[in-house]
Amino acid sequence: MKDPLLRLQELCLWLPVKGGLAPILEDVNFTIHRGEAFGLVGESGSGKSMTARCISRLLPRGAKVTGDVLLEGVSTLSLTPRDLRAVRSSKVQIIFQDPRAHINPVRRVGDYLTEVLVTERGVEQDVANRRAIEILETIGVTAASTRLAQYPHEMSGGLLQRIMIAAALLVEPELLIADEPTTALDVTTQADVVALLDDMRRDRGLALLFITHDLELAAAICDRTGVMYAGTIVEVQTSAMLHQRPLHPYTAALLAARPSLTAQVRPVTISGSPVALADAPAGCTFAPRCAYQDSRCRLERPTLREGGVGSVACVRAHEIASQLAVVAESARG
Amino acid sequence: MTVGLASRRATTARVRRSFAGGDWISRACVGFLVLVVLGAVLAPLLAPYGPNQINLAAAYQGLSSQHLLGTDDLGRDIFSRLLYGARLPLLGAGLIDGIATALGLAVATTAAWVGGWLDAVVSRTLDVLFAFPGLLLAILAVALFGPGFVAPVIALAIAYTPYMARLIRSVAIRERSKPYIDACSVQGWSGAWICVRHLLPNLLPFVVVQATVSFGYALIDLASLSFLGLGVQPPAADWGLMISEGEPGILAHHPAEALFPGLMIILTVTALVTFGERRGALRSRLR
């Protein structure tokens, strides 16, 4: 197999808190190939966004990182500031969750869209404007040329999210990180944006890291999906198989917790509440909430192991595989 | 093209709104300030007499059609001197304010951006500077470099910098932590570029309000120095100097020479501070 575009190797992250460092991510491993869409799902605070930020090295002051992020075989964690800027402006783009907060409110949308091209690539301003208009029209923004002269506050959230997507696509990155790009949008706009991202990926062959807490959405867009819990990846496999035959009890529990449109079953909730990595027990992070836990789960933290179709971090994975499949089956109704 | 046209129209509309949108008090303040500036700039055209045209035969005259505001002990026309006398204070206060704002912006934005030990060092240095009253610093400068226009202006500019810097730093730290700055970093721009192109424009509204108010204070401090004889020297026409030269006149029942420049200082500063504070209040309401 070819070298992947992105490889995260045993990535660990600590963030400074009062009186020390709090662990945020532990042993995050996954790869994304060119043209592939990889989904990262998990509850709030499970470390999805922090993983994305590590890739672009957008970390708060005092953060400590071990492990490695390899983009085309080059570690982004050890790049010089100049090289890091080059990578950011050409290879990796991030679409953020809340476009209104992430676009400078006092600058025109046109400036926001074309500034990278003009300043980092030396493209002429009117050429950049033309390309911005083209992209906006491709992604279904009407009256694109007048939009360029408008300010963010003159636009709706859905439109702004498109602007942000356009800005990310304009620089033609290799990897597009979409950090819950549809959370701030209503359902119809959400569908548009998702379709748009999918089109762009197919047309341009860019790799997509899609972060969401919506399992269905991840399944609809992504080839493979990783599930995160308390700063660790507990399971990675193809999106279709993830739904049919989850390997980790947490994934199965998430699937069972969804309301069904067809079946008259009450969703099964996961007891307890999600923990931060810092508060997680010594063994498996999910053990206290897990219906299948036994004494081994509390001894040491399981690592993500390759096994047939996907990888899973669970010591009992083999023993409970059939039970989990039943849970997923009944959840589908 | 259409883009340029639309944007220009939007800009003029915004400018119009920011001036006409205020209440009548703000508009009156702006109107008065415009008059003062026009009077100072056009003094050679407007003044009926030269500022230093002595006519001992016409000393201490009251208000009349020849001398609108009367004359001083040397028979100089007070109205003419009032027009000319606005030039140095306005220029000086403008310089003080401009230098202090520029220095404050540079220092505060750098401190807020880099953070860590640099921010700590800058903040403590500002604290030390706060301990010195501006006037004291100015008097020190005069003692070192002699009275005049330049020394007090530079000293006051340095004395005003901490006030600008501390305010801007607090706003800049808040803005710096906003997500759009992160989004800028991800675009691959350098810190300096993000500061100048993205952070600064978001600080300007606060800076403008603070600069308006401190312009008024600078005007008072300059006038105080002139009054104490440490600023510009006679026979120059200058409001603060006119007040001190008018002192004997007050005792001789001819208060005009001290009264009118005093009034002008009060009115100008009041107009500046009122306008500045109303702009600030408007801003915070809009937010």
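The following paragraphs lead through a predicted model, from the sheet of chain A to the all-helical chain B and the contacts between the two.

Chain A offers a convenient starting point in its sheet. Eight strands form this open sheet, in the order β6-β7-β8-β3-β9-β10-β12-β11, and their pairing is mixed. At its edges stand β6 (92-95) and β11 (305-307) of chain A, each of which pairs on one side only. Between neighbouring strands of the sheet the average turn is 20°, with direction ignored. At the β6 edge, the partner of β6(A) is strand β7 (residues 175-179) of chain A; the two run parallel and are joined by four bridges. Within this pairing, A:Gln93 has A:Leu176 in β7(A) as its bridge partner.

Chain A is also divided into two domains, with domain 1 covering 93-172 and domain 2 covering 241-332. Taken over C-alpha atoms, the centres of these two domains of chain A are separated by 41 Å.

Chain B is built on another plan. Its secondary structure comprises 13 helices and zero strands. The C-alpha atoms of chain B occupy a box of roughly 75 × 50 × 30 Å along the principal axes. Of its 287 residues, 39% count as buried. Among contacts in chain B between residues at least 6 apart in sequence, 67% join residues at least 24 apart.

The two chains meet through 22 residues of chain B and 26 residues of chain A. On the side of chain B that touches chain A, α1 (2-20), α9 (179-186) and α10 (191-227) each supply at least two residues. The most comes from α9(B), which gives six residues to that side. Classified by residue type, this side of chain B has 10 nonpolar, 10 polar and two charged residues.

The nonpolar interior brings these elements together. The largest nonpolar core holds 165 residues, and those touching the most other members are A:Ala166, A:Leu175, A:Leu208, A:Leu209, A:Phe210 and B:Leu156. The helix α10(B) gives the most to this core, with 14 residues. Because domain 1 (93-172) and domain 2 (241-332) of chain A both give residues to the core, it lies between them. The surroundings of A:Leu209 may be examined in detail: leaving aside residues up to four places away in sequence, A:Leu209 touches A:Ile32, A:Phe38, A:Leu40, A:Ala52, A:Leu175, A:Ile177 and A:Ala178.

Notes: Residues numbered from 1 in each chain as written. Chains lettered and ligands numbered in written order. Predicted model: local features only at pLDDT ≥ 70, side-chain atom pairs only at ≥ 80, totals over all residues. Pairing = 2+ DSSP bridges. Axes fitted to C-alpha atoms, helices over the stretch in contact; angles between N-to-C directions. Domains from an automatic or database assignment. Contact = placed C-beta atoms within 7 Å. Nonpolar A, V, L, I, M, F, W, Y, C, P; charged D, E, K, R; others polar. Core = buried A, V, L, I, M, F, W, Y, C linked by C-beta atoms within 7 Å. Buried ≥ 20, exposed ≤ 12 C-beta atoms within 10 Å, placed from the backbone.
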